[in-house]
Structure formats: structure tokens, C-alpha cells
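This briefing goes through one protein model for a reader who works with coordinates. The topics are charged pairs, enclosed space, backbone geometry and the surface.

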Amino acid sequence: MSPHEPFMQRALALARRGEGLTRPNPPVGAVLVQNGKIIAEGFHKKAGLDHAERVCLKNLKSKAQSLRSFTLYVTLEPCSTQGLTPPCTELILARGIKRVVIGAKDPNPAHAGRGIRILRRAGVEVITGVCRAEAEALIAPFAKRIVTGMPYVTLKLASTIDGRIADASGKSKWITGPQARAKVQELRRSADAIMVGAGTVRADDPSLLPRPSKGRAPWRVIVGTNIPAKANVLTDDAAEQTLVMNGSLKKILRDLGNRSIMHVLCEGGGELAGSLVRAGLVDEFVFFVAPSILGGEGFPMVGKNGWPLTKMPLLSFQSLEKCGEDVLIRALPVRRK
């Protein structure tokens, strides 16, 4: 393990505290180290507020005027342009920091590598790519929206081991256990919007709000028609955060991207899930699989219209973990050649 990795891991952990809060900015964490010890740390809490580097340096209790002997760890390349806040490169140079360790480069084509070049030209030692895979995964929703205009889509499905998300009558509470349901709340807190089909609203009348919210207020996106007027998503205290949308899923997602939504968590149902998969719009799959069997006429995970064997969508498993009595599987789509 590189000696830089533990400090970058801490910066990543800090950054994750901002997930679901920073749109349209990415979550970023920063740690300031001297002589192998963390002296200060911080993370970006909300767009318009200080970036992680500035928060970190504001939290520095040392009265040292120069920080030449300090190393700044930041999960994302420091910004180099004036936005709602001043460029972080200017702050780093003004404080005299002589070493900066970066997890991921800025994915914005207009800015990529610029902050690194500014620092290096000023004599700062810049080390890049520490915990790169994790740092890039953290900002994947930001990167997709900034490059394509489309939000990153995570499709979450909870099913029995034979792939059923509800019994023949449409009942689905509860297929998975409390630990899995708590994990879903974490997923909701990391997203900017929670999407379901109108059929799910009619069947379950969900709130789709993360509990506890911990400051999060994701949009709720309902795809379809015939939504009951008394549905929670239309009548509760967060009703203004509900969008009812119809038409092409690609257009819907582009419209959400135009609203600065970076990360959409789709929670089904099966027909909407199948449509997203069929259109190639899913970036990540999260499966909660329960040790139970429904069989028969139970509702399948991705709708009733399947694929021939030679054209079935392929996935690449990324991780598998026990979640109470259930299993949590994360997977990425594999694009057919």
C-alpha cells in the first residue's frame, strides 16, 4: 500500500458525507497532513459554499503562516476557475503548500488537467491517481452529467432468489429484511432523484424520501400516468419535489440533467426497469436478493418482455456482500461489441 492511500481514504470518507447535497457540484473531501499526521480536514457541503480545500484550511488550528511542510490530499483535482467560489489553486499557492496529492482528475473537458498544470508551474509537487478507481467512482454521476448532459442512473431492485419483485397480487412488502431496507435509505441519501413507475405508486403509495433525511431532499420522479390524487408523492410536505413525467426515457433523463440532477436512483417497478435496460440507460445495477422463492405468477424484475439468449443484456459483477439475511450485488452493464 502506498503511504498516501490511508490519507486519501480518509478524504474519500469525508467526501461521501456530501453525497446527495452538492448538486450540481461533485462531492469532494480534503485532508491536510504534516509529518504523517492529519492536521485538518473538510468536505464540500453544498453548491455555493466553500470547496473542500477551503473548508479544510479554515479548520486548520495551526498559526503557521507558511504550509510548505504540509501535504494536501484532495479527492478531485483542485478547481482553477472562478465560479460561485474563488479558484482553489489560488488558495493553495497563497498558503504556500508545496505538495498536493490528488485522487481523480477533473472530468470536465474544459478544465481537465488545468489545475494540475497551474500548481506544477508554480513549483508545487503534484501526485495524481492515488485511490483513483474509488475517487472516479465517487464522482461518476458528476462526470457523466458534465460530459453528456445526462444523469447517472442506478437501478435498484429487491427480489427473491428466483427474480420476483412481488407476488401474483402485486404485494412486495417485504421481500428483503431490515438491513437491506436500511441500505436502500443510504442509497436514497446519495442520489439527487428517486425514480419509480406510476404502477409502483398505485400499488405501494411510497414516500420515496430517505429516512432519516440527514439534510437530503431528492427529487421524486414518477414515470407514467393515472397517479391517485391522494398519493403521498403528491400530497406530503415534499410534494413540490415531485415530478410526474411521460414520454421517452432518454428525454426524461435529459430533462433531469437540465435540472442539475446528477444521480438518479430508480427503484422500479419491473416494467420501468426493463425499459431502462432495453434502452441502455442504466449505468449501475444494485440487486438485493432475498433467500426466498415466489415462483408462479410473481412479478419479474425487469418486466414480462425478455430477450433471446443471444441478445440478453450482460453484466459484470463488481461486489457481493451479505446484508442481514439478504445479499447485495453491485454490477455494471457490459456493452455488446
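In this predicted model, the side chains of Arg188 and Glu267 meet in a salt bridge, with an N to O distance of 2.8 Å. The pair links distant parts of the chain, since Arg188 belongs to helix H7 (residues 178–190) while Glu267 sits in the loop between strand S11 (263–266) and helix H11 (270–278), 79 residues apart. The points below start from this pair and then move to the cavity, the backbone and the surface.

**Salt bridges**

- Arg188 counts as buried because its relative accessibility is 9%, which is under the 20% limit for that class.
- Glu267, the partner of Arg188, has a relative accessibility of 14% and therefore also counts as buried, given that the class takes in residues under 20%.
- The Arg188 and Glu267 pair does not stand alone, for Lys156, Arg188 and Glu267 are linked in a network of salt bridges.
- A salt bridge also joins the side chains of Arg220 and Asp236, where the N to O distance is 2.7 Å. Arg220 lies in strand S9 (residues 219–223) and Asp236 in the loop between helix H9 (232–235) and strand S10 (242–245), so this pair ties together parts that are 16 residues apart in sequence.
- Arg220 and Asp236 are both buried.
- Within a single helix, the side chains of Glu136 and Arg132 form a salt bridge at 2.8 Å from N to O. Both residues lie in helix H5 (residues 132–138), and they are four residues apart, about one turn of the helix.
- An α-helix has 3.6 residues a turn, so residues three or four places apart point the same way.
- Glu136 has a relative accessibility of 36% and therefore counts as partly exposed, the class that lies between the 20% and 50% limits.
- The count for the model comes to 13 salt bridges.

**Enclosed space**

- The model holds one cavity of 30 Å³ or more, and the space in the largest cavity is about 100 Å³.
- The lining of the largest cavity is made up of 14 residues, and those nearest its centre are Gly20, Pro27, Pro141, Ser190 and Met262.
- Sorted by class, the lining of the largest cavity has seven nonpolar, four polar and three charged residues.

**Backbone geometry**

- Gly268 and Gly269 are joined by a cis peptide bond with omega at about 5°, and Gly269 lies in the loop between S11 and H11, the loop that also contains Glu267 of the salt bridge described above.
- In H11, the buried residues include Gly270, Leu272, Ala273, Gly274, Leu276 and Val277. Just after H11, Gly280 takes a positive phi of about 70°.
- Another cis peptide bond joins Arg211 and Pro212, with omega at about -10°, and Pro212 is placed in the loop between helix H8 (198–204) and S9.
- The loop between H8 and S9 also contains Asp205, whose phi is near 45°, a positive value in a residue other than glycine. Asp205 is partly exposed because its relative accessible area is 32%.
- Asn226 likewise has a positive phi in a residue other than glycine, here near 60°, and Asn226 is found in the loop between S9 and H9. With a relative accessibility of 61%, Asn226 counts as exposed, a class that requires over 50%.

**Surface and separation**

- A nonpolar patch on the surface is formed by Leu309, Met312, Leu314 and Val334, which together have about 340 Å² of accessible area.
- Leu309, one of the patch residues, lies in the loop between strand S13 (299–300) and strand S14 (314–323). Leu309 counts as exposed because its relative accessibility is 66%.
- Gly42 is found in strand S2 (residues 37–43), and at 4% relative accessibility Gly42 counts as buried.
- The C-alpha atoms of Gly42 and Asn305 are separated by 48 Å, and the two residues are 263 residues apart along the chain.

Technical notes. Residues numbered from 1 in each chain as written. Predicted model: local features only at pLDDT ≥ 70, side-chain atom pairs only at ≥ 80, totals over all residues. Heavy atoms only, no water. Salt bridge = Lys/Arg side-chain N within 4 Å of Asp/Glu carboxyl O. Helix = DSSP H or I, 4+ residues; strand = E, 2+ residues; numbered from the N terminus. Buried < 20%, exposed > 50% of the residue type's maximum accessible area, 1.4 Å probe, protein only. 1 Å grid on protein atoms, 1.4 Å probe; cavity = no way out; pocket = protein on both sides within 12 Å on 5 of 7 lines; lining within 4 Å. Points joined across faces, edges and corners; volume = space filled by probe spheres on them. Nonpolar A, V, L, I, M, F, W, Y, C, P; charged D, E, K, R; others polar. Patch = residues over 30% accessible without salt bridge, like charges linked within 9 Å, V, L, I, M, F, W, Y side chains within 5 Å. Areas by Shrake-Rupley, 256 points an atom, 1.4 Å probe, with all protein chains shown as cover.
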